[in-house]
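Please open the structure in your viewer and keep the selection tool at hand. The tour below moves from stop to stop, saying what to select next and what is there.

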Amino acid sequence: MALGDAPEDAYLGDLPVVLSASRLAQPTREAPGAITVIDRDMIRASGARSVAELLRWVPGFQVGEANAFRPLTAYHGLADDNPRRMLVRVDGRSLYSPYFLSGVEWHKLTVDIDDIERIEVFRGSNATAFGSQAFMGVVNIITRPAADTPGLRMRLTQGENGIRDRQVSIAQQFGPLNVRLGMGRESDDGTRGLEDNWQKHRADLRMDWQPAATHRVEIHAGGVRFDNRAGTAGELSDPPRDQRSSSSFGQIRWHWLPDAQEELTLSYLHQSERLKDEYGVLITSAEFPQLPSWATINVGVDFGYTVERDELELEHTFSPRDDIRVVWGLGQREDKIDAPQYFYPGKAITYTSRRLFGNLEWRASDRWLINLGAMAEEDDYNSAQLSPRLGINYLLTPEHTLRVAIGRAYRQPFPFEQEGDARFYGNGVILLRQAYQPPSETLAPERLRFREIGYLAELERWRTSLDVRVFEEKLDRLTHFQSNPSPLFPPPPMDDGEAKQPIGNRKVSIHGAELALLWRPAATSWLGLNYSRIEISTNEQDIQSKPFYKNSAPRASASVLAGWAPWPNWHFSVAHHYVGAMAWYRDEDDSLPAYQRTDLRVARRLDIGTTRAELAVTISNIGAHHAEYVPWIKTGPAAYATLRLEI
Amino acid sequence: MHAALRLFLCRLVASLALGAMAGPGWAAPPLIIVNSSSDGAYAEASAALRSQLQRTMPWVEIEEQGWEELAAQRLEGSRMIVTIGTQAARVVAGLSPRQPVLHTLLPSSAYSRLPNMPKSGATVSAILLDQPAERQIALIRLALPDWKRIALLTGSDSEALNLRLGELARERQLEVREANVTADRDLYPALQRVLAEPAVLIASPDAQVFNSFTVQNVLLTAYRHRSPVVGFSSAYVRAGALLGLYSTPEQIGQQAAETVQKVLSGETLPPPRPPRQFEVAVNTNVARSLGIQLDSAERLGNELARREGRP
């Protein structure tokens with residue numbers, strides 16, 4: 001380290017590059033797309049128990065709850081109960097799960113909401129930077145470095161509906177090593193009328209080690225054990241039962257920082273996921289008329305899986321000239337999926353994808369900024385596809401920016417779409433039902449062509465920002481599951497011998513506008529207004545199918561967000577949302593009427609010496625019970641109190 | 001050829017004349033440099049000092065010595081001693097030489113702790129590394145005119161400096177947020193307190209508060225609070241401070257040469273001084289990320305120098 005014995009070394013010695021390119025947030029005015037940042041003051045003031053709830057604060061997003069522990073999040077619709085066209089990353093690690101219908105598994109987040117530094121939401125496709133999973137958008141969660149964490153923090157939340165959350169985090173510095181360890185337990189009684197009470201245990205470790213001025217090593221590790229009820233009372237094939245899932249990971253990221261302009265990052269991740277969900281179903285002639293009345297058939301079901309993921313990535317940022325900054329990298333991800341129920345005859349699948357990406361940022365003048373980037377990604381099913389993007393930002397004045405972006409993105413269908421085959425056997429030998437069958441030929445990647453115009457005003461003097469985005473997204477080859485006759489012979493007797501099959505023939509065109517206005521006179525005071533308008537048209541009528549996609553996003557939605565500190569040590573926060581009618585990509589009778597919801601939080605700071613304490617009361621979802629996912633699941637207000645201590 | 005001959009004659013005449021004045025040890029060179037190290041910043045300062053004297057007083061013979069083998073008799077006969085770095089300053093001060101001593105390339109905290117300091121400053125002086133508080137505040141006003149709040153973290157070595165910075169800032173209608181840091185664990189809560197609202201954090205060369213281990217905490221926390229940091233070295237700016245104000249070893253060596261010139265021409269030793277020449281550095285990446293519009297480092301430095309009455 002630089003610090004020697006001589007007093008003058010403080011002036012003359014070397015220091016590590018702390019605010020390196022990977023740690024500095026890109027100014028929104030320079031990004032090749034629209035970015036919404038939710039910072040820590042807002043996260044805390046929201047009172048949210050999960051990060052997914054915060055996406056209600058971002059224009060264009062839809063948030064639903066399949067059940068109490070499985071939030072659904074989508075950007076511009078096109079989702080179902082496994083939204084899979086957007087990506088969530090935590091410190092560069094994907095929260096996207098590769099088994100079954102894939103998508104983002106929020107409940108497997110190991111990091112505590114208080115350890116999040118900021119959430120950067122890139123509104124729009126960012127496959128150019130992050131690949132296929134970021135097809136329609138990406139949420140980047142950036143956690144606090146261990147050095148920027150209180151020595152000891154505790155948080156207790158207790159509330160209605162059995163809400164009981166306990167969190168503790170400790171941080172300690174050992175010379176060049178900073179360590180933070182967080183642990184927590186969360187639970188609640190679930191949704192009224194559903195079997196979905198749950199309990200989560202989590203641990204999360206972050207170490208920042210500075211072995212030399214030009215090297216930094218980050219180590220992240222974490223694990224979650226999740227116990228929940230699942231199933232539906234009275235539903236034979238999905239009986240109420242206990243499920244246990246777990247997830248753990250270790251990640252090492254080595255940064256080489258020869259100077260403030262250059263950074264090389266090499267990351268390796270290993271992650272394991274597991275679900276135990278095995279049960280038997282007893283079928284009688286009541287469910288299966290072909291059966292003689294005296295006979296029963298036992299169907300063994302095992303939705304359990306294990307997934308082992310290994311991922312290696314290299315990223316290099318440098319400036320060959322003062323006006324040019326280049327980021328390029330390459331990566332490989334391998335998932336070993338063992339999920340016998342989903343992949344008949346039960347073989348484990350190894351799925352590999354590789355990517356090469358680059359972006360050139362050219363500051364052509366004080367006013368013009370040009371971003372040109374591309375991602376080439378290939379997997380075991382499809383050869384390399386190129387997802388390019390061109391973004392041009394023009395500074396009318398330092399406070400007013402105009403932006404145009406145009407590009408193309410691909411989403412590689414994942415293993416279940418390519419070769420999912422779910423069969424159910426009676427007494428182990430009699431084929432009763434094929435729930436899913438593989439596509440007749442390998443599915444081509446879904447394609448998205450987008451263009452947008454943005455305007456950003458950042459009026460420093462008025463502490464106000466205005467972000468307007470007008471977009472058009474044209475998608476084709478969208479994969480959709482459709483019931484088709486099973487190719488098996490003899491056809492399985494149940495479900496009329498039909499099995500769902502993925503077909504990549506949907507075309508969708510989305511256009512609309514998003515507006516975000518934020519007045520923020522101080523870090524803890526704000527007044528924000530979000531509005532989004534999304535119009536979706538499809539070719540579904542041409543191919544004579546139900547209009548699944550058409551209503552998958554509300555035509556209009558709006559939010560009002562306010563935070564203020566009327567007296568010292570007091571803080572109030574209100575978020576009110578209006579969500580127009582929509583459907584989570586199911587049948588027409590799953591359509592939801594428009595709804596409104598309000599979340600409120602009041603907090604009082606109570607500092608005792610150097611101990612910072614805060615007592616807060618949050619009431620989420622104030623107002624009448626209403627449906628946010630399917631019409632028959634209605635949720636209403638829940639109040640809870642949180643005590644936070646920082647020492 | 002002619003130049004070399006002239007130089008030789010000059011030196012001969014000068015050493016005879018000066019030597020006669022200095023008494024018995026006339027063979028000793030008039031200027032002795034005692035250096036803390038023979039490389040890095042110490043070598044740069046020494047090189048600048050020598051080359052400047054070479055140009056202005058080519059007849060002055062200079063001898064450089066390391067501090068390790070220094071003894072009192074080796075200093076005898078010289079007219080002036082310049083030390084470079086704290087280690088050399090300590091050894092020379094310990095020998096209490098009678099001739100004028102100029103200590104350079106050391107912070108004021110180290111200077112004030114040197115042994116055997118004479119009551120009157122006539123024979124011992126220094127060119128310190130510390131930038132004057134006036135200059136720091138002037139830089140903040142110049143570079144960040146819209147920022148009305150500064151934050152200070154005070155440890156035992158920065159009490160006097162921060163007191164002065166606070167006074168000056170208040171005179172300029174700046175709000176001052178201060179906190180004391182007496183132990184490592186104070187740092188995090190202190191940063192949270194002073195940066196509760198965005199402020200310009202002035203890092204002080206107080207090793208208890210700002211060192212290479214705490215630099216991460218300081219820069220990351222300040223960044224998250226959208227608060228720019230003003231550092232006291234080029235390394236600080238490279239690490240992530242928005243602005244840096246510092247003097248290079250070369251600038252200090254040049255200033256030392258000017259003082260040597262005056263003393264050898266018969267003037268008395270001036271009192272301890274901050275560096276006169278300085279550099280301003282700017283981290284453009286951090287400025288962009290924080291959305292702060294800044295003039296170039298060069299323009300800021302020139303304007304600051306102009307306001308101090310230098311071209």
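In which loop of chain B is Gln173(B) found? Select Gln173(B) and follow the backbone to either side, and you will see that the loop runs between α7 (159–171) and β7 (175–180) of chain B. Keep in mind throughout that this is a predicted model. Gln173(B) has a positive phi of about 65° although it is not a glycine, and it counts as exposed because it has 8 C-beta neighbours inside 10 Å, where 12 or fewer is the limit. As background, most residues other than glycine have a negative phi, and most peptide bonds are trans.

Next, select Asn116(B), which lies in the loop between α5 and β5 of chain B. Its phi is near 55°, again a positive value in a residue other than glycine, and Asn116(B) is exposed, with 11 other C-beta atoms within 10 Å.

Now turn to helix α9(B), residues 215–224, and colour its residues by burial. Nine of the ten residues of α9(B) are buried, so the helix is largely enclosed by the rest of the structure. The buried ones are Val215(B), Gln216(B), Asn217(B), Val218(B), Leu219(B), Leu220(B), Thr221(B), Ala222(B) and Tyr223(B). If you then show what covers them, you will find elements of both chains, including β12 (177–188) and β13 (198–212) of chain A together with α8, β8 (200–202), β9 (229–231) and α10 of chain B. Just after the helix, Arg226(B) takes a positive phi of about 50°.

From here, widen the selection to the place where the two chains meet, where 43 residues of chain B are in contact with 37 residues of chain A. On the side of chain B that touches chain A, the largest share, eight residues, comes from α9(B), while other elements that each supply at least two residues include α4 (86–95), β4 (101–106) and α12 (284–290). Coloured by class, this side of chain B shows 21 nonpolar, 17 polar and five charged residues.

The following stop is the largest nonpolar core, which holds 98 residues, and in which Val82(B), Ala203(B), Leu219(B), Val230(B) and Ala241(B) touch the most other members. This core draws at least three residues from each of domain 1 (2–129 + 250–264) and domain 2 (133–246 + 278–307) of chain B. Centre the view on Ala203(B), whose contacts beyond four places in sequence include Phe210(B), Val218(B), Phe232(B) and Tyr236(B). A second, separate core of 67 residues can be selected afterwards, with Val51(A), Val63(A), Ile116(A) and Tyr549(A) among its members.

Stay with chain B for helix α11(B), residues 249–264, and ask how far apart its end C-alpha atoms are. They are 22 Å apart, which agrees with the span expected for 16 residues at 1.5 Å a residue. Its buried residues include Pro249(B), Ile252(B), Ala256(B) and Val263(B), and among the elements that cover the buried residues are β1 (31–35), α2 (40–56) and β3 (80–84) of chain B. Just after this helix, Gly266(B) takes a positive phi of about 105°.

Finally, move to chain A and select two prolines. A cis peptide bond joins Tyr344(A) and Pro345(A), with omega about 5°, and Pro345(A) lies in the loop between β20 (324–338) and β21 (349–363). Another cis peptide bond joins Phe489(A) and Pro490(A), with omega about -5°, and Pro490(A) is found in the loop between β28 (464–485) and β29 (498–522).

Methods. Residues are numbered from 1 along each chain as its sequence is written. Chains are lettered from A and ligands numbered from 1 in the order in which they are written. This is a predicted model: local features need pLDDT of at least 70, side-chain atom pairs count only at pLDDT 80 or more; totals for chains, interfaces and linings use all residues. Two residues are in contact if their C-beta atoms, placed from the backbone, lie within 7 Å. Helices (H or I, at least four residues) and strands (E, at least two) are DSSP runs, numbered from the N terminus. Ala, Val, Leu, Ile, Met, Phe, Trp, Tyr, Cys and Pro count as nonpolar, Asp, Glu, Lys and Arg as charged, and the others, Gly among them, as polar. The expected span of a helix is 1.5 Å times one less than its number of residues. A residue is buried if 20 or more other C-beta atoms lie within 10 Å of its own, exposed if 12 or fewer, and partly exposed in between; C-beta atoms are placed from the backbone. A nonpolar core is a set of buried Ala, Val, Leu, Ile, Met, Phe, Trp, Tyr and Cys residues joined through C-beta atoms within 7 Å. Domain bounds come from an automatic or database domain assignment.
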